Amino acid sequence: MQRFVSTKVVVIQRRMTHYRVAFFESLRKQLAERGLELVLAYGLGTEKEERKNDGGQIAWAKKLPTHYFLGGRICYQPLGDMCKDAAMLVVTLENKLICNLWHQFTPVPYKVALWGHGANLQGNAASWREKFKRRVAHRADWWFGYTEHSRPLIAKSGFPENRITVLNNTIDTAEMRSQFEAIRPAELAGWRAAHGLGDGPVGIFLGSLYEEKRINFLLDAVKAIRAQVPGFELLMVGAGPQKSMVEAFCKEHAWAHFAGMLKGKDKVLALASATVMLNPGLVGLGILDSFVCEVPMVTTDCGLHSPEIVYLQSSANGLMTNNTLDDYVRECVALMTSSTTLAAMKAACKSSATTYTVENMARNFADGVEQCLQSPSYRAKAAL
């Protein structure tokens, strides 16, 4: 193993979310095993973000002073002397993080890496914001992309592909898997009965109820599925701006059930009750729920998805249909009425769950750190 003059790797997060805590604990361990020290620092989110109550705490991490301006569009987070004697600095690519620019555009004595999607997937590629982001994305020595979906987006800025590490972004699913494996048949039967579910196949929607999830499309689809699959029932789990529409639909149709937002064991029992996950709109990290609880996801090629959509291998661990109601309904019906195909997909989901773990994500990150430190600087050669 190559020894480095400096062993200090500084990672900055604008704010810490609870679902990143397990990853950073694993990354700290992985880097220490390679003789590298992780220095993690994070600040506070905007007022809107803080109201989400999704923050996390890490006792050994440093806290950053954080100031927002222009309604949260600019964030000032000075690092002070944190990068003194550092070998590498890793920051996320966000236009609002103005302090990043100093590290990217001045000749600092440490490597600078970026971490992110590579582009705003829901943004306008022709806007000045995205043009600025592409220009800034080029000023780095290394890139950590969320998934394989990020690689071409990063490369579009002209950044070398051999300096991109794909992390396979994920969250800690160990507790969910443990809860899923501990479910007893009587417990599951009791949960189904308590929520009005019969013995037939169940399609579950689990996620936020907003426009990009295409709730209208989903509700049209389940009516057609119900007409073709005897005993089919719908279970809606989530909250959001379109909650009233879902509640009205479930009130009108006795075979449709709204459970609101579920967490912990109740969320796992809901998934365990289902035959398929139905989400014709935006799919993100929710696909991990599908894998962990062995419920194949059926979505469409609607073009709204987050980078994690690349984890879905259509016809193997889930289905991606054409973006038409007829195709979506036909594929859902075919899957729910074929016990052989369904069993094979469930097995593939279980296998995929072992791939997308925080331990593997941390290992990928640590590999990228080592490769960056062993490579000559690129940032100084990058064109402005």
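Is Tyr378 buried or exposed? I looked this up before anything else. Tyr378 is buried, with a relative accessible area of 14%. I note here that I am working from a predicted model.

**Entry: aromatic pairs**

I searched for aromatic pairs and found 12 of them in the structure. One of the rings I looked at belongs to Tyr378, and its partner is Phe159. The two ring centres are 5.3 Å apart and the planes stand at 80°, so I wrote the pair down as edge-to-face. The angle decides this, because planes over 60 degrees apart count as edge-to-face.

I then checked where the two residues sit. Phe159 is in the loop between α5 (150-155) and β9 (164-166), while Tyr378 is in the segment after α14 (358-374). They are 219 residues apart in sequence, so the pair ties together distant stretches of the numbering. Phe159 is buried too, with a relative accessible area of 2%.

I also recorded a cluster. Phe23, Phe24, Trp115, Phe144 and Phe365 form one aromatic cluster.

**Entry: arginines over rings**

I looked for charges placed over ring faces. Arg28 lies over the face of Trp60, 4.1 Å from the ring centre. Arg214 lies over the face of Phe217, and here the distance to the ring centre is 4.5 Å.

**Entry: salt bridges**

Side chains of opposite charge can pair when their charged atoms come close. I searched the whole structure and got 14 salt bridges.

I took Arg34 and Asp367 to begin with. Their side chains meet in a salt bridge of 2.7 Å, N to O. Arg34 is in the loop between α1 (21-33) and β2 (37-43), and Asp367 is in helix α14. The two residues are 333 places apart in sequence, so this pair ties together separate parts of the chain. I compared their accessibility as well: Arg34 is buried at 13%, whereas Asp367 is partly exposed at 29%.

Next I looked at Glu148. Its salt bridge is with Arg151, and the closest N and O atoms are 3.0 Å apart. Glu148 counts as partly exposed, at 42% relative accessibility.

Then I turned to Lys267 and Asp289, which form a salt bridge with the closest N and O atoms 3.4 Å apart. Lys267 is in helix α10 and Asp289 in helix α11, with their positions 22 residues apart in sequence. Asp289 is buried, with a relative accessible area of 9%.

I also noted a network in which salt bridges share partners. It joins Arg14, Arg15, Glu49, Asp54 and Glu94.

**Entry: helix α10**

Lys267 made me look at the helix around it. Which residues of helix α10 are buried? I listed Lys267, Val268, Leu269, Ala270 and Leu271, in a helix that covers residues 264-272. I then asked what these buried residues pack against. The partners include the helices α6 (174-181), α7 (185-194) and α11 (287-292). The strands β10 (202-206), β11 (233-237) and β13 (276-278) are also among them.

From there I moved to Thr275, in the loop between α10 and β13. Thr275 is buried, with a relative accessible area of 12%. Leaving out residues up to four places away in sequence, Thr275 touches Pro201, Val202, Val295, Pro296, Met336, Leu342 and Lys346.

**Entry: Lys213, without a salt bridge**

I wanted to know what lies around Lys213, in the loop between β10 and α8 (215-228). Lys213 is buried yet has no salt bridge. The nearest side chain of opposite charge is Glu212, 8.8 Å away. A salt bridge needs the atoms within 4 Å, so I could not count Glu212 as a partner.

What I did find was a backbone atom. The backbone oxygen of Leu282 lies 2.8 Å from a polar atom of the Lys213 side chain. Beyond four places in sequence, Lys213 touches Phe205, Ser208, Asn279, Pro280, Gly281 and Leu282.

**Entry: Tyr110**

My last residue was Tyr110, in the loop between α3 (99-105) and β7 (111-116). Tyr110 counts as buried, at 6% relative accessibility. Its side chain makes a polar contact of 2.8 Å with the side chain of His103.

With neighbours within four places set aside, the contacts of Tyr110 include Cys83, Met88, Trp102, Asp141 and Arg379. I also took down one distance: Tyr110 and Leu373 are 263 residues apart in sequence and 9.2 Å apart in space, C-alpha to C-alpha.

Methods: Residues numbered from 1 in each chain as written. Predicted model: local features only at pLDDT ≥ 70, side-chain atom pairs only at ≥ 80, totals over all residues. Heavy atoms only, no water. Phe/Tyr/Trp six-rings, centres within 6.5 Å; stacked < 30°, edge-to-face > 60°. Helix = DSSP H or I, 4+ residues; strand = E, 2+ residues; numbered from the N terminus. Buried < 20%, exposed > 50% of the residue type's maximum accessible area, 1.4 Å probe, protein only. Lys NZ or Arg CZ within 6 Å of the ring centre and 35° of its normal. Contact = heavy atoms within 4.5 Å. Lys, Arg positive; Asp, Glu negative; His and termini not counted. Polar contact = N/O pair within 3.5 Å; in protein donor to acceptor, adjacent residues only side chain to side chain.
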